[in-house]
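Got your viewer open and your selection syntax warmed up? Here is a short route through the model, one pick at a time.

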Amino acid sequence: MRSLIYSALLFFSFCGVAKSQVTVHKLVTAGYSYQNSSFGEVGGKLLFLSNDDVVFRTGLSALMGSVNQKFAIMPKIQADFLFNFERNVDLYHSYYFVAGAEATNKYIAPKVGFSLFGIVDLMGGYGFSLDKSGINGKELKGLNINFTINIPIVAINDLTK
C-alpha cells in the first residue's frame, strides 16, 4: 500500500513539472570574492526559469588568489534564487533580490544581495570554516562579499556574428 501511495505522489509531481516549461540559459561568470582573503573568480552558471518572478541559478567556478603570499586555487559551487514580484514597471524586472549559498572545500557561506538584470550581482554573507587549517595556513571564515558579472553565452554568440 505504501509503495502505491509513493508511486501516485511521484506520478502527480511529474505531471506538475511537465506542465511548466523551464528555460535554461548558460552564463559565463567573472568576478571578485572576499572571504578573509581576496580572490578572483571565473566560471559558469546555468539559469533556470519558467517565469521572471523567481529564477534559480546554479554554478561552478574557480577562486584564485594570494593567501599568505602563496598562490591558491579553490573550486566553488553555488546556488541562488532571484526574486522580483513587482508588476507594471518600465524596465520589467530590472533588479532582483538574491538569496543563496556557496561552498568550497574550505568554507560554506549563505548569502543575500541584489542583482541588476540578473547580470551584475552584489552579494554578502558569512562564511563558516569547514577546514581549521584553511588554505596556506589561513582559516577562511567571517565576512563574505561577492561581486560577479554574468554574461549569457547567447549574447557572446550574437556579438561575434
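Start with the aromatic rings: there are five aromatic pairs, where rings of Phe, Tyr and Trp (its six-membered ring) pair if their centres lie within 6.5 Å. Select Phe-48, Phe-56, Phe-81 and Phe-83, and you have a cluster linked by ring pairs.

A word on what you are looking at: this is a predicted model, in which local features need pLDDT of at least 70 and side-chain atom pairs count only at pLDDT 80 or more, while totals for chains, interfaces and linings use all residues. Residues are numbered from 1 along each chain as its sequence is written, and side-chain values use heavy atoms, with hydrogens and water left out.

Next, colour by strand (strands are DSSP E runs of at least two residues, numbered from the N terminus). Pick strand 1, residues 23–35, and strand 2, residues 38–49: they run antiparallel and are joined by 12 bridges. Two strands count as paired if DSSP finds at least two bridges between them. To check the register, click Val-28, whose bridge partner in strand 2 is Gly-44. Then go to the hairpin between these two strands, which has two residues between them, and look at Asn-36 with its positive phi near 65°.

Strand 1 has another antiparallel partner in strand 8, residues 142–152, with nine bridges. Here Tyr-34 is the one to click, as its bridge partner in strand 8 is Ile-145.

While you are in strand 8, select Ile-149. Buried or partly exposed? Ile-149 has 35% relative accessibility, so it counts as partly exposed; the cut-offs are under 20% relative accessible area for buried and over 50% for exposed, with partly exposed in between (1.4 Å probe, protein chains only). Leaving out residues up to four places away in sequence, Ile-149 touches Val-28, Thr-29, Ala-30 and Ile-119, where contact means heavy atoms within 4.5 Å. Put a distance label on the C-alpha atoms of Ile-149 and Leu-27: you should read 9.5 Å for residues 122 apart along the chain.

Now the inside. Select Phe-39, Leu-63, Val-67, Ala-72, Met-74, Tyr-107, Ala-109, Ile-135 and Leu-140, which make up the largest nonpolar core. Such a core is a set of buried Ala, Val, Leu, Ile, Met, Phe, Trp, Tyr and Cys residues joined through side-chain atoms within 4.5 Å. Strand 3, strand 4 (70–83) and strand 6 (107–116) each give two or more residues to this core. A second, separate core has eight residues, including Leu-47, Val-55, Leu-82 and Val-98. Back in the largest core, expand around Phe-39: beyond four places in sequence, its contacts include Leu-63, Val-67, Met-74 and Leu-140.

For something polar, go to Ser-61 in strand 3, residues 54–67. Ser-61 counts as buried because its relative accessibility is 12%. Its side chain makes a polar contact of 3.0 Å with that of Glu-41 (a pair of N or O atoms within 3.5 Å; within protein, one must be able to donate a hydrogen and the other to accept it, and residues adjacent in sequence count only if both atoms are side-chain atoms).

Last stop, strand 6. Strand 5, residues 95–104, pairs with strand 6 in the antiparallel sense over nine bridges, and Tyr-95 stands opposite Leu-116. Strand 6 also runs antiparallel to strand 7, residues 120–129, with eight bridges. Finish at the strand 6–strand 7 hairpin, where three residues lie between the strands and Phe-117 in the turn has a positive phi of about 60°.

Note on methods. Helices (H or I, at least four residues) and strands (E, at least two) are DSSP runs, numbered from the N terminus. Rings of Phe, Tyr and Trp (its six-membered ring) pair if their centres lie within 6.5 Å; planes under 30 degrees apart count as stacked, over 60 as edge-to-face and the rest as tilted.
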